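This report describes the fold, the overall dimensions and the nonpolar core of one protein chain. Please look at the sequence and the structure before reading on.

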Amino acid sequence: GSTGRNSDIISLRLAATFPAEAPRIFSIIGDEGQWPEVLSPRILKRHPSTKVIAGLPDCSRPEFTIEPTVGGCEVALFHDLIKTDEDRKEYRKIWKAWLKVLEKRVSQ
């Protein structure tokens, strides 16, 4: 099995590509004021233009990695320490919707 990880721990991975430079996407993701309100995030770590790690009230941890691509950037989300499958479904919905909103915003 996996060392030091409880098999009950649930995680979620999503990726999205944006037609905008990494620093621009980073400035949005790195600002908890722009996150979905329901999440009440607390940004724990920011690595300029590459990574944002946050803590949520349920102790789960979303981590965004931003990689420059030709014509924009790719964002990978790894949301770890999710408590239940139900929560995972809910988070997936929230993140997918938010990534769509971000894409619309930076496409204009």
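The protein chain has five strands and two helices, where helices are DSSP runs of H or I with at least four residues and strands are runs of E with at least two, numbered from the N terminus. Starting at the N terminus, their order is β-α-β-β-β-β-α. The radius of gyration, taken over C-alpha atoms, is 14 Å, close to the 13 Å from the globule rule for 108 residues, so the chain is as compact as a globular protein of that length. That rule is 2.2 Å times the number of residues to the power 0.38.

This is a predicted model, in which local features need pLDDT of at least 70, side-chain atom pairs count only at pLDDT 80 or more, and totals for chains, interfaces and linings use all residues. Residues are numbered from 1 along each chain as its sequence is written, and side-chain values use heavy atoms, with hydrogens and water left out.

The largest nonpolar core (buried Ala, Val, Leu, Ile, Met, Phe, Trp, Tyr and Cys residues joined through side-chain atoms within 4.5 Å; buried means under 20% relative accessible area with a 1.4 Å probe, protein chains only) has 30 residues. Phe18, Ile25, Ile29, Trp35, Phe64 and Trp95 have the most contacts inside it; contact means heavy atoms within 4.5 Å. The elements below each supply at least two residues of this core.

| Element | Residues |
|---|---|
| β1 | 10–18 |
| α1 | 22–29 |
| β3 | 51–55 |
| β4 | 61–69 |
| β5 | 72–82 |
| α2 | 85–107 |

The largest share, seven residues, comes from α2.

Conventions:
Buried means under 20% relative accessible area, exposed over 50%, partly exposed in between (1.4 Å probe, protein chains only).
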